[in-house]
Structure formats: structure tokens, C-alpha cells
Amino acid sequence: GNRSEEDEAFMNAIASACKQSTARPILPPSFKQLLGWDGINEMDDTHGRANYYKILDLRPKSSAMANRTQGYGYEQNSNYPNMHLTFCNIGNIHAVSDSYKKLINLCHSTSANDVAWTQLVEETKWLHHLRVILKASWDCAVTVHYKRLPVLVHCSHGWDRTSQVCALAQLFLDPYYRTYDGFFALVEKDFLSFGHPFHLRAAHGERNSERKESQMAQIFIQFLDCVYQILSQFPSFFEFNGKYVSVIAEHVYSCRFGTFLCDNERDRVRAQLSIRTYSIWDYLESKREFLSNPHFCGKGLLMPPLPCLLRGVHLWSDYFLRYSPKVSLPCMPHALASRTQIYDEMDLYQKDDYSNALLHLTLESALKWRRETVALRRNAAAGTAAIIDMDANGNSNNGAAATEETHCSDATAPLVHQEGQQDDYNNTVVEDESSTTVESLKQRILELERQLAAKTKAMEEKDSFVCVEKSNDE
């Protein structure tokens, strides 16, 4: 591929400076095993030459080799002595976009197999991409902190995968970037100032016919998802909570603020976005009361064991399932609901939880269904009692059958005889078939019971839900 003599000279100067620095620490194998560091000796001498810096090529090696045909390629040891090159195998924008679409379709599906839900989520490859990015960021942070060596990070263009990995590595290393103000500075520096093309990746304000579908990808959402994964596992290390990340993710595509508009700083200055639009950071600052973590105490290095970090990756339900047609959120007491993630901003600011709203709606539907069932049962019982009374008074069976059809034609529950005119159908008793001596009436009642039992079963299948009893406090 093409070479850059200026880049080679620059990196050789860095290597020379590292040679003159203090000796590198030697980490015991037991410590590396505890961290889960795969390459225990990867930074030791290679072919008799000491490695003084590391290069993280975030692309798959196959993609890097394919780019050599276009004059790009990757760094060679002959041109960059004293370096260690690692390929991180992070997927490109096409892999990210394809995985995101699969995940969204799954989350919005009404026919997804909930028994195999975890397997279906894994098959979208979205969580796999998150693990690969988190591992590359972790490798970068470990090399800088424990090996005391500089790391050069790059991909194809330097504004997608590079921004993700560098920003996440700084989250591990510097506690400032895990604060309310620090995260704002991190996004402004590594995404906005380094030229992540928000407009190109999100196609803000463009018609479907004008969009460049091949260039659209949810790179920044993927970064926020990685931040959420770290935050959910180690919440005390962050000054903000999961709601903070959820609100940012919601407004990446809302276009409500000018922060994530345009492709670079030049376009934002020309559009005068700082004057004509509001900044999302000012908005988040005004909601600090709801977005801050009261248990924040992490003032130091965040370097968890790699297996712990990667095995804890899970679906970001508060973002991907917020519009799911199926109820996917746990119901919990109001005191705990204010500590959980959000599904809608209005719920956040009113300190209400969406799952609790669903619970109340379910309870109201259950009570309405119960009242209707009681009324139907009362009508059925009244019709049965009328038949028995008419037969006892010597009326003909034909007249009894006509009265029975009038009162019981719309019944949808087993025949019961209600005593004391009580509303609670639990106090009703099933009419004893042996209490009447009219054989024809007995046969008619048995037939009606079969019909009503079938209707009840159909109704329960149509309106199936779990009736949750209200607590004494409610």
C-alpha cells in the first residue's frame, strides 16, 4: 500500500522517546490472568526487538488486506520498527446497520418466540459488536495504564470506530469523563470535534429518496449502548445514571437540539446552530436532579476484569424495548420505579414509571371485566331461578324454556344461583342439578352449562392477562 514518510518519522520519534523513558513495569502472570488479558507476552520483545508502542487497527484483518488493492493496507514492521500491531475485528458501518435493523425488527415483532428471546437477540449480532468494541477499548486502556506505552488507534476513516474506542478507553482511565460535565466534554471532543458525520449517518431531515442508505449507521447509538453496559455493571463509578444516556440516545434522532446536526464543526458554524438552536447539554443540565446518581463515589481507575465486563453485556431494554408491542418492563413499587430507567421523557420528569402505568391499566381492565362477568352471572342465575319457580307453580315446560331463553341467551359463565343479591360472584353457589325433579329442565340446564362453559373459555383466551391484587396501601 501507499506509505507516508511523515507518519513513519512521527511514530519513530515516539518510539525513541519511549526508549529514553523509565523502565516499563513487569506484570506478574497471575495479575494478567486475573484481568483476563489474553496476550500475556504480546508487548514483550518480538523478533529480538523491543516494542515501544502499540497500534490498534480496529478493522478485521481481512478488510485491511483487501484495502491493500486500493493503495491503503496497514502498517508493516519494516516501516514501523518497535511497534506491535493488533487487529480488533470491529465490524464496519454496513455490519452495524444490518445488525441494528435485525434487532429493531425483533424488538417490534408481535410474534417473536419469547422462550428463545435471548437466543434471538444474540443472533442479531448486536451484542457481539458491543463486546468486540468493549474489548478493544479495554485493551487500549490496559496498555496505557499498566504497560505505560502509547497506543495509536485507527480504522478506515477515523471518525466511527476510532471515536468509539478512544472515548470508551478514556472512560476506563479518567474519572473526569465519568462525571456529568466530563461526559459532555468527551462527546464534544471525540465525536463532534473529530468530525463524526452525524448527518451522514442519521440522514437528518432527508427524504427517503435522498438518503444515502449505504452510509447510514447507528454508530453513536452503539457507543451509547457501550456506555450503558459499563454503567449498568459499575453504576457507582458514574455521576450520572442510565436515564442520562437514554435521553441522549432519544434526541440523537429527534432533531430537537442542534448538538447532533451536521457532519462537522465547519458545517455547524456555517449553519449558526449555536445561535439558532438549543444545546442538549444545557437541557440535560436543567434536569440534573433526575439524571444524577446519588450513589456516585468512583474517583479513580475503572479497570474491571475483561471476562466480567464482556459476560455482563445484555440488551439495552430501556432503549430498544421502549416501543415494544409486548409488555417487556417489570412492574415494581413506585419508590423503586424512580430509580429505574425511563421509557418516555414525560414519565421521567413526573417521576412515574411506564410499567406502573401499564399495571394500573391492567387492574382497571380486570375490574371492568369482573363487573361485567358478575352481571352476566347474575342474569344467568336469575334466569335459572325463574325457570324453577315457573315449574313449581305448575307452568308448562314450554313456557319455562321460553323464559329461560329470554334471560340466559347472552350468558357467558357457568350457571350459578346467587344468594342474598351480593355483588361478589365468589359467594355464589352452583345450582344443584338434583334439586329439580323435572327431567326436561335438567337436560336443558346441562346443555346451557356446556354452551356457557365454552363461551367462558373463549372469553378467557381472548382477554388473557394476570390479575394483580391491589395492596392494602392502595
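How many residues does helix 8 have, and how far does helix 8 reach from its first C-alpha to its last? In this predicted model, helix 8 covers residues 180–193, which gives it 14 residues, and it reaches 19 Å between those two C-alpha atoms, close to the 20 Å expected at 1.5 Å a residue. Several positions along this helix are buried, namely Y180, G182, F183, L186, V187, D190, F191 and L192. Just after helix 8 comes G195, where phi takes a positive value of about 90°.

A second helix can be described in the same terms. Helix 6, formed by residues 126–146, has 21 residues and reaches 30 Å from its first C-alpha to its last, close to the 30 Å expected at 1.5 Å a residue. Of these 21 residues, 16 are buried, and helix 6 is therefore largely enclosed by the rest of the structure. Helix 6 is followed by R148, which has a positive phi near 60°.

The strands are considered next, beginning with strand 1. Strand 1 comprises residues 53–57 and is mostly covered, five of its five residues being buried. The covering extends to both faces of the strand, since Y53, I55 and D57 on one side are buried, as are K54 and L56 on the other. Strand 1 runs parallel to strand 2 (residues 83–87), and five bridges join the two; within this pairing, Y53 stands opposite M83 of strand 2. Strand 1 also runs parallel to strand 3, to which four bridges join it, and here L56 has V153 of strand 3 as its bridge partner. Together with helix 3, strands 1 and 2 make a β-α-β unit that is right-handed.

Attention now turns to the spaces left between the atoms. The largest pocket holds about 1000 Å³ of space. It is lined by 36 residues, of which R59, Y72, G73, C155 and S156 are the closest to its centre. At least two residues of this lining are supplied by each of helix 1 (5–20), helix 3 (61–67), helix 4 (93–107) and strand 3 (151–154), so that helix 3, a part of the right-handed β-α-β unit, and strand 3, a parallel partner of strand 1, appear here again. By class, the lining of the largest pocket contains 10 nonpolar, 17 polar and nine charged residues.

Besides this pocket, the model contains two cavities of 30 Å³ or more. The second largest cavity holds about 50 Å³ of space, and its lining is made up of H196, F198, R201, A202, A217, Q218, I219, F220, I221, V252 and Y253. Two elements, helix 9 (198–202) and helix 10 (219–233), give two or more residues each to this lining. Eight residues of the lining of the second largest cavity are nonpolar, two are polar and one is charged.

Helix 10 also contains C226. What is the relative accessible area of C226, and is this residue buried or exposed? The relative accessible area of C226 is 0%, and because buried means under 20%, C226 counts as buried. Although C226 and H129 are 97 residues apart in sequence, their C-alpha atoms are 9.7 Å apart in space.

Notes:
Residues are numbered from 1 along each chain as its sequence is written. This is a predicted model: local features need pLDDT of at least 70, side-chain atom pairs count only at pLDDT 80 or more; totals for chains, interfaces and linings use all residues. Side-chain values use heavy atoms; hydrogens and water are left out. On a 1 Å grid over the protein atoms alone, a cavity is a set of points where a 1.4 Å probe fits but cannot get out, and a pocket is an open set with protein on both sides within 12 Å along at least five of seven lines; lining residues have an atom within 4 Å of a point. Grid points are joined across faces, edges and corners, and a volume is the space filled by probe spheres set on the points. Ala, Val, Leu, Ile, Met, Phe, Trp, Tyr, Cys and Pro count as nonpolar, Asp, Glu, Lys and Arg as charged, and the others, Gly among them, as polar. Buried means under 20% relative accessible area, exposed over 50%, partly exposed in between (1.4 Å probe, protein chains only). Two strands pair if DSSP finds at least two bridges between them. A crossover is right-handed if, with the strands pointing away from the viewer, the path from the first strand over the helix to the second runs clockwise. The expected span of a helix is 1.5 Å times one less than its number of residues.
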